[in-house]
Amino acid sequence: DEYSSSVGHIAGTLYSSIISNSTVVGSVQENIIQPREAETERWLYVGGIAGYARNSILENNEFAGLIRGTAYIPTDVGGMLGGVAVSAKSVNTIDHCTVSGDIDITLDSRCTITDSLAQSLNVNIGGVCGYCRGLFSNNAVYGHISGVGTVGGIVGMLYADSEVDNNYFAGTLTSHGGKASGIVASMLYEVSSYTKSFTTRI
């Protein structure tokens with residue numbers, strides 16, 4: 001929608017697609033401004049390979065470089081960054097992908113970062129995926145991941161009906177006011193009609 005932005009080196013948005021055997025070296029950077037009069041939250045999706053992925057497969061891909069998002073937020077904003085892709089409430093498979101470099105989301109210099117502000121933001125950052133549901137296996141992440149919000153070495157926010165298996169993270173994590181973990185920073189449990197075809201394995 002008009003309040004969202006999806007940015008990726010190969011694709012901004014993926015639906016029921018496959019990306020495999022790709023190598024990307026470079027940077028992905030995007031800024032987002034939340035209008036004061038906006039009634040809808042504005043979302044920022046930034047990924048090294050794809051910004052937003054739904055029901056897609058990403059395998060044997062490599063990203064090396066910088067992924068950065070900057071937000072100016074007079075009101076609410078959601079930001080999600082991932083070294084490979086960022087997805088919301090969809091089943092994806094990310095397998096045998098490698099990420100190296102820096103990933104971070106920061107607030108514009110006009111904003112004052114406080115712990116209470118950081119905790120109120122819906123910001124999820126992961127070395128492989130920021131906000132995810134699906135199967136994530138045999139991936140490796142090397143580098144520094146930082147930002148305001150939830151920061152995970154592999155996944156920032158993970159739906160509980162997912163599988164995370166045989167992933168590797170080597171680097172540093174920095175979270176300003178949120179949770180941080182080397183593999184999965186936070187789990188999301190949801191009761192819905194969704195068929196739970198995955199079990200959580202970490």
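A polar contact here is a pair of N or O atoms within 3.5 Å, where, within protein, one must be able to donate a hydrogen and the other to accept it. Keep that in mind for Asp 104, further down; this is a predicted model.

First, the overall picture. The protein chain has one helix and 20 strands. Among its contacts with a separation of 6 or more, 81% join residues 24 or more positions apart. A few chain-wide values:

| Quantity | Value |
|---|---|
| Buried share of the 202 residues | 50% |
| Exposed area of the protein chain | about 8700 Å² |
| Part of that area from carbon and sulfur atoms | 46% |

Now to the inside. The largest nonpolar core holds 36 residues, and the members touching the most others are Leu 58, Val 84, Ile 94 and Ile 125. What does Ile 125 contact, leaving aside neighbours within four places in sequence? The list includes Leu 81, Ile 103 and Ile 105, and also Gly 130. It carries on with Ile 145, Ser 146, Gly 147, Thr 150, Val 151, Gly 152, Val 155 and Gly 156.

Asp 104 sits in strand S11, which spans residues 98-107. Is Asp 104 buried or exposed? It counts as buried because its relative accessibility is 8%, and the cut-off for buried is under 20%. Its side chain has a polar partner: the side chain of Arg 68, at 3.1 Å. Not counting residues up to four places away in sequence, Asp 104 touches Leu 66, Ile 67, Arg 68 and Gly 69, plus Leu 81 and Ser 146. Leu 81 and Ser 146 also turn up among the contacts of Ile 125.

Note on methods
Residues numbered from 1 in each chain as written. Predicted model: local features only at pLDDT ≥ 70, side-chain atom pairs only at ≥ 80, totals over all residues. Heavy atoms only, no water. Core = buried A, V, L, I, M, F, W, Y, C linked by side-chain atoms within 4.5 Å. Buried < 20%, exposed > 50% of the residue type's maximum accessible area, 1.4 Å probe, protein only. Contact = heavy atoms within 4.5 Å. Helix = DSSP H or I, 4+ residues; strand = E, 2+ residues; numbered from the N terminus. Areas by Shrake-Rupley, 256 points an atom, 1.4 Å probe, with all protein chains shown as cover.
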